[in-house]
Amino acid sequence: MQLDGRNTLLYIPALADSPLPSGTGFTHESRMPSLVPTSEDVQIYEICVLYPPALNQKEEQGVLKEVEEVFTDAGGKQVSKDLWGRRGLAYPIKGAKEGNFAVYHYEMDPLKVKETDQQLRIMKGVLRHLIVKPPKHYQIVKYSEAYEQWLKSRETAEEERSKKKEEEVQEKIARKAMRQAKMTTERKKAAPAPKVESEDLTQKIDELIAGDSLDTI
Amino acid sequence: MASAPHHHHQKQQQRRSDPRLKRCPFCEHNTLYIDYKDYPTLKPYTDYFGNTRARYYTGVCLKHQKMLRTAIERARFMGMLAYRK
């Protein structure tokens with residue numbers, strides 16, 4: 001127990017730097033019995049569906065409904081649903097450069113998974129799909145929100161970087177200006193100094209002349 | 001004669017860091033499972049060409065490298081990560 005407490009204190013994803021598993025909400029600390037099937041006959045499955053974005057809302061809803069129907073027909077019970085919205089793809093799939101993701105968690109009979117997989121494969125509106133059995137005690141993370149948060153943090157980091165750069169540039173400019181000002185003042189100092197001396201000389205000469213006149217007295 | 005082996009030793013040290021200093025970033029957080037949907041954590045473990053970074057460079061332990069590999073492969077299939085740049 002003590003060890004666990006220490007670990008939770010240590011695990012601060014926002015503060016740690018270098019490549020780190022920030023969003024993996026599945027560590028020893030977060031061991032919660034959140035995804036345990038209700039009976040022994042069923043298992044929890046995670047289904048990720050990718051469908052093209054070039055659909056109007058009605059068609060989109062139709063695709064999602066079809067997907068959900070496949071699982072409800074197979075006797076599945078929905079545990080969670082997460083719509084990611086439009087996202088860029090790393091490579092074009094069937095001509096689509098962007099796609100919409102939907103992540104479901106369903107509780108269903110393991111014998112019917114193959115059937116649903118086949119149906120999803122045949123379905124027209126679905127580009128890719130993946131059915132995965134999450135490990136024991138897996139905690140559902142809403143990656144749609146996590147991703148947006150990540151994007152925001154990235155933006156702020158970039159902004160900070162650009163700000164720093166600007167500040168550095170301005171500092172450089174200021175330093176340059178200072179140096180130039182110094183140079184000019186030095187030059188000015190260097191230039192009028194002999195003049196003063198010459199003036200002093202003339203004054204001294206004048207004094208000497210005056211002294212001559214004093215001598216005469 | 002005495003300086004030659006010393007020089008050799010220095011060269012070796014320059015080439016690679018002490019393997020005992022490497023620490024698995026996943027082990028530090030006691031990660032039990034790496035999710036393929038978690039793009040921000042997967043991305044730094046792929047290089048410019050889209051290949052998985054070798055354990056040698058990232059310091060990930062074998063257990064977590066295996067998890068990472070399956071996660072990256074799944075993410076590639078779903079179009080979240082690139083197979084090849």
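Here are questions and answers on a predicted model with chains A and B.

Residues are numbered from 1 along each chain as its sequence is written, and chains are lettered from A and ligands numbered from 1 in the order in which they are written. Local features need pLDDT of at least 70 and side-chain atom pairs count only at pLDDT 80 or more, while totals for chains, interfaces and linings use all residues.

Me: What is the mean pLDDT of chain A?
Reply: pLDDT is the predictor's confidence in each residue, from 0 to 100. In chain A, 78% of the residues reach 70 or more. The mean pLDDT of chain A is 79.

Me: Where in chain A is confidence lowest, and where is it highest?
Reply: Helices (H or I, at least four residues) and strands (E, at least two) are DSSP runs, numbered from the N terminus. pLDDT stays under 50 over residues 1–23 of chain A. Confidence is lowest in helix H1 (residues 2–10) of chain A, at a mean of 36, and highest, at 93, in strand E4 (residues 128–132) of chain A.

Me: Which pattern does chain A follow along the sequence?
Reply: Chain A has five helices and four strands. Read along the sequence, they give α-β-α-β-β-α-β-α-α.

Me: How many strands are there in chain B?
Reply: The pattern of chain B along the sequence is α-α-α-α-α. That is five helices, and the number of strands is zero.

Me: In what order do the four strands of the open sheet in chain A lie?
Reply: The pairing is antiparallel. Two strands pair if DSSP finds at least two bridges between them. The edge strands, each pairing on one side only, are E2 (77–93) and E4 of chain A. The order is E2-E3-E1-E4.

Me: How many bridges do E2(A) and strand E3 of chain A pair over?
Reply: E3 of chain A covers residues 96–108, and its pairing with E2(A) is antiparallel. One bridge partner in E3(A) is Ala96(A), for Ile93(A). Another is Val103(A), for Asp82(A). E2(A) and E3(A) pair over eleven bridges.

Me: Which residue takes a positive phi in the hairpin of E2(A) and E3(A)?
Reply: This hairpin has two residues between the strands. The residue has a phi of about 50° although it is not a glycine. Its place is the loop between E2 and E3 of chain A. The residue is Lys94(A).

Me: Is Lys94(A) buried or exposed?
Reply: A residue is buried if 20 or more other C-beta atoms lie within 10 Å of its own, exposed if 12 or fewer, and partly exposed in between; C-beta atoms are placed from the backbone. Lys94(A) has 8 other C-beta atoms within 10 Å, so Lys94(A) is exposed.

Me: How far apart are the end C-alpha atoms of helix H4 of chain A?
Reply: Helix H4 (residues 143–190) of chain A has 48 residues. The expected span is 1.5 Å times one less than the number of residues. At 1.5 Å a residue, H4 should span 70 Å, which agrees with its end C-alpha atoms being apart by 69 Å.

Me: How many of the 48 residues of H4(A) are buried?
Reply: H4(A) lies largely in the open. This is so because the number of buried residues in H4(A) is two.

Me: Which element gives the most to the largest nonpolar core?
Reply: A nonpolar core is a set of buried Ala, Val, Leu, Ile, Met, Phe, Trp, Tyr and Cys residues joined through C-beta atoms within 7 Å. The largest has 38 residues, and those with the most contacts inside it include Val49(A) and Leu68(B). Strand E1 (43–51) of chain A and helix H5 (62–77) of chain B are among the elements that each supply at least two residues. With seven residues, the element that gives the most is E1(A).

Me: Which residues does Tyr39(B) touch, not counting residues up to four places away in sequence?
Reply: Two residues are in contact if their C-beta atoms, placed from the backbone, lie within 7 Å. Tyr39(B) is in helix H3 of chain B. With 18 C-beta neighbours inside 10 Å, Tyr39(B) counts as partly exposed. Tyr39(B) touches Met80(B) and Tyr147(A).
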